[in-house]
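The following exercises are to be worked with the sequence and the three-dimensional structure at hand. Each task is followed by a solution in steps.

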Amino acid sequence: MIAAWKEEHPLRYENGEEIRAQYVIQKLGELTGGNAVVVTDVGQHQMWCAQFLNYSTPRSHITSGGLGTMGFSLPAAMGAAFGRSDVPVISISGDGGFQMNLQEMATIVEHRLPIKVFVINNGFLGMVRQWQELFWRKRYSQVALANPDFVALARAFGCPAAKAERTAEVEEVIRTALAHKDGPYFVEFVVAKEDNVYPMIPAGQSFHEMIDTPDPVDGNGSGKDIAVLAKGVSPESPKKERVPGRIKINE
Ligand SMILES: Cc1ncc(C[n+]2csc(CCOP(=O)(O)OP(=O)(O)O)c2C)c(N)n1
Ligand SMILES: [Mg+2]
């Protein structure tokens, strides 16, 4: 039954030159062989970690779950690193959540904790942006981030840092981070800005109404425009105005 569902609703994404967050997470799982503690923050990257990370042992995927608090990852990874020195500890945050507790970089550097601090930079509060795209006709409000230079910021704390901006750079930068055992190592991954997590269930709807990964048609593999058009909530169809709390998109 579960195998049939997986076949019917496969998790998928397509790589291009632009980095997909899913690829970063999948690669990390491959390169650690699942032999690591990965601590997520809250948002799209957290969902992709649940979907694409290869982990098989208990207590190797630490996440705040539903109703989680942004900023969780960095301090939680500190706890994990104090408790587990036998495996790499990787903190994965979004560009939004990282900025909610980035002062802990000082503590991490002070204690020379060998945490790999990964920031998935999509330039948005991605999880909220996705809902505004799909259900509010892309009327973005308070979701675009005016980010600092993350690599310069990490270095200002005394932490070595690197940045990946192209898919071809991802593997090497993860390898370098994992090989760095002497204290922390920071990596910024600049990823596709308007990528979405699928499948998703719209508010107030049920599992049989979930939205699957759209077919890749828009050139960068995300298929995001078709997702909106196919469900009848495109910016070009203003008559289909939705009422909050009574969203119905399967017409
Ligand atoms: C302290 C706090 N404020 C707001 C939220 C609501 N919230 C959940 S996910 C999210 C966006 C997270 O953005 P980012 O950290 O960049 O991660 P992304 O979704 O882009 O991967 C917000 C605002 C929250 N969970 N915690
Ligand atoms: Mg983000």
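**Exercise 1: Strand β3 and its partners**

In strand β3, I92 is the bridge partner of T40. The model is a predicted one.

Task: Determine which strands pair with β3, and in which sense.

Solution.
- Step 1. Begin on the side of β1 (residues 37-40), which runs parallel to β3 and is joined to it by 4 bridges. Besides the pair of T40 and I92, V38 stands opposite I90.
- Step 2. Turn to β4 (residues 115-121), which pairs with β3 in the parallel sense over 6 bridges. Here S91 of β3 has V117 as its bridge partner.
- Step 3. Place these pairs in the whole sheet: it is open, has 6 strands with parallel pairing, and follows the order β2-β1-β3-β4-β6-β5. The edges are taken by β2 (61-62) and β5 (161-164); each has a single partner strand, so one side of each lacks a neighbour in the sheet.

**Exercise 2: Burial of β3**

Task: Establish whether the two faces of β3 are covered or open.

Solution.
- Step 1. Count the buried residues: in β3 (residues 89-94) they number 6 of 6.
- Step 2. Separate the faces. V89, S91 and S93 lie on one side, and I90, I92 and G94 on the other.
- Step 3. Residues on both sides are buried, and both faces are therefore covered.

**Exercise 3: The shell of ligand 1 and helix α7**

Task: Describe the residues around ligand 1 and state how the buried residues of α7 are arranged.

Solution.
- Step 1. The shell holds 20 residues, of which G43, G94, G96, G97 and G126 come nearest to the ligand.
- Step 2. Sorted by character, the shell has 8 nonpolar, 10 polar and 2 charged residues.
- Step 3. Helices α3 (44-52), α5 (95-98) and α7 (126-135) each contribute at least two residues to the shell.
- Step 4. In α7, the buried residues are G126, M127, R129, Q130, E133 and L134. Viewed down the helix axis, they fall within an arc of 160 degrees, so they line one face of α7.
- Step 5. Just after α7, R137 adopts a positive phi of about 50 degrees.

**Exercise 4: The largest nonpolar core**

Task: Identify which residues of the largest nonpolar core touch the most other members.

Solution.
- Step 1. Among the 51 residues of this core, they are V24, A77 and F189. The greatest contribution, 6 residues, comes from helix α4 (residues 73-83).
- Step 2. Leaving aside residues up to four places away in sequence, F189 touches I19, V24, F118, V119, I120, N121 and A164.

Note on methods
Residues numbered from 1 in each chain as written. Chains lettered and ligands numbered in written order. Predicted model: local features only at pLDDT ≥ 70, side-chain atom pairs only at ≥ 80, totals over all residues. Buried ≥ 20, exposed ≤ 12 C-beta atoms within 10 Å, placed from the backbone. Pairing = 2+ DSSP bridges. Near = placed C-beta within 6 Å. Nonpolar A, V, L, I, M, F, W, Y, C, P; charged D, E, K, R; others polar. Arc of directions from axis to C-beta. Core = buried A, V, L, I, M, F, W, Y, C linked by C-beta atoms within 7 Å. Contact = placed C-beta atoms within 7 Å.
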